[in-house]
Amino acid sequence: MKRENISKAMDGVGEHLIVEAAEKLDLVGAPVAAKAGKKGQNAFVRFMNSGWGVAAVCALVAVGVMGGIIWAGNQPGTNLPVGATEETETEAEVTEPLVIPETEETTAEEANSEETTSEEVTTQEIETEPPHEHILGEWSFAKTPTCTESGVWERHCTAGDCNYTEERSLPAGRHTFNDTQLTCIVCGADAPPMEFTSYGDGTCYISDRGEVARSIRELTIPSYSPEGDLVIAVDDNVFSDLLDRCSKLTISEGIERIGVRAFAAMPMLKEVHFPSTLTMIESSAFYFCGRLADVVLPAGLQYLGDSAFESCRLSESFALPEGLVYLGANALSGCSELTKIHLPSSLTEIGEGVFVNNISLTEITFDENIQITAIPANFAQNCRITAIRIPDSVTSIGNNAFLNCAYLQDVSLPDGLTEIGHGAFNGCFILAELDLPASLTSIGDSAFADCTALSGLVLPEALTHVGVNVFDGASGLSYQTYGGCLYLPIGENPYAVLVKAESAEITAAEIHPDVKLMMGGAFEECTYLEEITIPDGQTEIPNRFFYGCTSLRAVELPDTVKSIGEHAFYRCAALEKLPESAGLTQIGAYAFSACHGLTEIVLPETVTEVGVYAFSSCGNLLSATLSSGMTSVPAGMFHKCALMERATLPESITRIEEWAFGWMNRNNATYFEINIPKSVVYMGGSAFSDGTVTLRYDGTWAEFDAIEKGESCFGGLGHASVVCTDGTVHLS
């Protein structure tokens with residue numbers, strides 16, 4: 001314990017004597033105070049404030065004085081009593097330790113701290129002081145800037161006796177204007193003609209171009225308003241589409257934000273000077289400044305908004321600063337002279353299409369410490385890059401990310417990649433080799449379409465989904481053939497992935513029983529295909545699987561099939577029977593659209609979800625019964641089924657969406673009849689429009705009238721009537 005702390009505990013009574021005696025007798029030194037820790041020290045102070053403490057003080061004073069005399073006599077060169085030695089004198093000084101009464105029990109943790117020295121106690125006291133949270137007041141001038149000298153803002157902590165002060169430098173340029181002529185009385189400069197709006201805290205933003213001439217050739221955004229407020233922002237749209245001849249723009253120090261479209265569409269702008277204070281450039285700020293080439297972004301920039309420099313030139317010297325966090329969608333797209341770009345480690349989000357249509361861009365590199373998890377959609381579409389190394393942190397590559405990168409020949413994919421989006425490498429004509437990581441689970445539609453040089457591709461074991469026409473036009477791949485179909489291997493299974501029909505003119509096909517994945521669009525436009533066998537174990541009929549198979553009459557599905565994909569049987573005009581599966585739960589959008597051979601539909605009770613326009617334009621369909629597992633009739637489900645006579649809806653239906661039964665019997669003298677359950681609470685816009693229809697409702701007209709209805713629910717040229725329990729109502 002420090003000597004001054006002990007003295008304070010004594011309240012000034014014989015301080016130095018008490019301290020010396022106490023330390024000499026080990027009463028409050030290492031054996032007592034330090035070993036006892038903070039709690040022991042507090043107990044000692046309480047004891048000294050008691051009656052017993054006063055008596056102890058007196059005793060300590062006396063002992064201290066006597067001890068001082070004895071100690072002095074024992075120093076080298078002094079006369080010791082006859083026959084006395086240093087050892088015997090030390091023994092004479094030993095006394096019983098002073099017992100200090102404790103008001104709190106000593107914990108096991110405190111007992112374990114007894115080895116702490118007095119110096120360690122001092123360190124602990126400093127470290128355990130509670131952290132001080134600064135409460136900062138308003139900014140004020142420590143030094144007011146002028147038109148020629150910079151200034152200083154400061155604000156102070158208002159908590160207690162804290163002396164903490166925060167400072168901020170202010171740029172020069174704060175003129176002192178004449179109230180009548182708006183001319184600086186120091187340097188003679190004129191006040192800027194722009195309009196300023198104050199934030200009320202000594203700062204403001206430029207809110208309008210004011211009297212800035214449209215034909216001005218050079219524009220400087222000032223640091224201060226005429227009232228002396230620091231300009232920290234240029235508001236949205238202030239100068240966009242206005243400055244036709246301005247070629248040079250200087251944005252002064254202090255400005256932190258450039259607003260949306262603030263300087264967009266300045267066709268002659270070639271040069272911009274940014275301040276070091278700038279942290280944010282909002283969306284389309286310099287959009288379509290077609291001649292803007294030489295741009296140096298400040299080191300403190302953190303946010304570059306969507307389309308910020310879209311359709312600018314941006315020369316090869318352009319660079320993104322380390323510290324940039326957000327790079328918006330299309331922020332640097334269409335920049336005709338940008339040849340290379342490096343993405344800094346600070347980036348956490350990159351928007352879609354950020355480099356799309358950069359026809360001169362040949363190099364994109366990533367900082368090795370970058371932590372982005374996705375390459376966004378349309379990332380480098382139509383660029384001239386020749387190689388790309390995807391960062392290790394990336395797990396997905398977005399749709400059309402490298403679409404039509406015709407010069408791309410070297411791609412390195414990270415080990416943790418799980419998804420490649422549709423069209424991701426479509427049209428990469430000279431991409432010959434690609435190592436797919438073992439972690440890959442999904443490849444989207446047309447991901448490698450027209451990769452004509454691609455060969456030796458090895459599909460990973462983890463793959464669970466392949467989209468439509470993934471390898472369409474990839475003529476360099478080596479396929480296995482079986483049953484009129486082409487396959488790619490996974491591991492030792494040569495028939496793991498059904499890719500497509502061997503020929504568009506096949507009349508029958510047999511899918512190999514060892515197939516693991518069937519690719520969407522495999523039999524698209526096989527107009528002569530009449531029969532096919534789907535092996536047991538398949539869980540879905542993929543999207544567009546039989547698209548345009550106009551001769552296909554029937555398909556037997558195994559009970560393992562749970563879903564039928566979008567457009568799976570689209571325009572299968574000869575299909576006479578709805579394919580059945582005991583496990584079927586989902587039917588995709590347009591799945592059976594334009595299947596004119598269907599005359600009756602009874603959806604199995606297992607079906608819970610049906611996509612939009614699933615049975616639209618089935619020209620010969622007469623009747624339909626929906627599943628009790630459904631809760632709504634989706635949009636356009638039976639749109640333009642012109643000959644339908646009846647539809648049966650279960651009590652589970654609560655919504656009939658827009659155009660669900662539109663264009664029914666529009667020009668037919670007979671009518672379409674449908675029951676409307678009392679469970680229905682909503683009928684969408686044009687749900688029964690342009691048709692002759694009778695609705696049978698098991699309730700009163702008032703109850704039917706209370707159902708929410710979309711615009712033109714019964715509109716058009718047809719006729720509708722509602723048969724209720726209390727009569728028939730004709731609707732116009």
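Buried, here, means under 20% relative accessible area. By that cut-off W153 is buried, because its relative accessible area comes to just 4%. The model is a predicted one, and the description below starts from this tryptophan, then moves to a strand, a serine and a surface patch.

W153 sits in strand 2, which covers residues 151-156. Leaving aside residues up to four places away in sequence, its contacts come from several stretches of the chain: W139, S140 and F141; E166, E167, R168 and L170; D201, G202 and T203; and finally L230. S169 is 16 residues away from W153 along the chain, yet the C-alpha atoms of the two are separated by 6.2 Å.

Two of those contacts lead on to other strands. T203, a contact of W153, belongs to strand 5 (residues 203-208), and L230, another contact of W153, belongs to strand 7 (residues 230-234). Strands 5 and 7 pair with each other in the parallel sense, over four bridges. Within this pairing, I206 has V234 of strand 7 as its bridge partner. Strand 7 is also joined to strand 9, again running parallel, this time by two bridges. V234 turns up here too, standing opposite I258 in strand 9. So strand 7 has strand 5 as one partner and strand 9 as another, with V234 taking part in bridges to I206 and I258. As for burial, five of the five residues of strand 7 are buried, so the strand is largely enclosed by the rest of the structure.

Strand 9 (257-258) also marks one end of the loop that holds S252, the other end being strand 8 (248-251). S252 has a relative accessibility of 16%, and because the cut-off for buried is under 20%, this serine counts as buried as well. A polar atom of the S252 side chain lies 2.6 Å from the backbone oxygen of I221. I221 is also among the residues that S252 touches, along with T220, P222, S223 and P275, residues up to four places away in sequence again being left out.

The picture at F429 is another matter. This phenylalanine lies in the loop between strand 21 (419-420) and strand 22 (442-443). Its relative accessible area is 39%; F429 is therefore partly exposed, as that value falls between the 20% limit for buried and the 50% limit for exposed. F429 joins Y407 and I430 in a nonpolar patch on the surface, and together the three residues have about 270 Å² of accessible area.

Methods:
Residues are numbered from 1 along each chain as its sequence is written. This is a predicted model: local features need pLDDT of at least 70, side-chain atom pairs count only at pLDDT 80 or more; totals for chains, interfaces and linings use all residues. Side-chain values use heavy atoms; hydrogens and water are left out. Buried means under 20% relative accessible area, exposed over 50%, partly exposed in between (1.4 Å probe, protein chains only). Contact means heavy atoms within 4.5 Å. Patches are made of residues with over 30% relative accessible area and no salt bridge: like charges are joined within 9 Å, nonpolar side chains (Val, Leu, Ile, Met, Phe, Trp, Tyr) within 5 Å. Accessible areas come from the Shrake-Rupley method with a 1.4 Å probe; for residues, only the protein chains shown count as cover. A salt bridge is a side-chain nitrogen of Lys or Arg within 4 Å of a carboxyl oxygen of Asp or Glu. A polar contact is a pair of N or O atoms within 3.5 Å; within protein, one must be able to donate a hydrogen and the other to accept it, and residues adjacent in sequence count only if both atoms are side-chain atoms. Two strands pair if DSSP finds at least two bridges between them.
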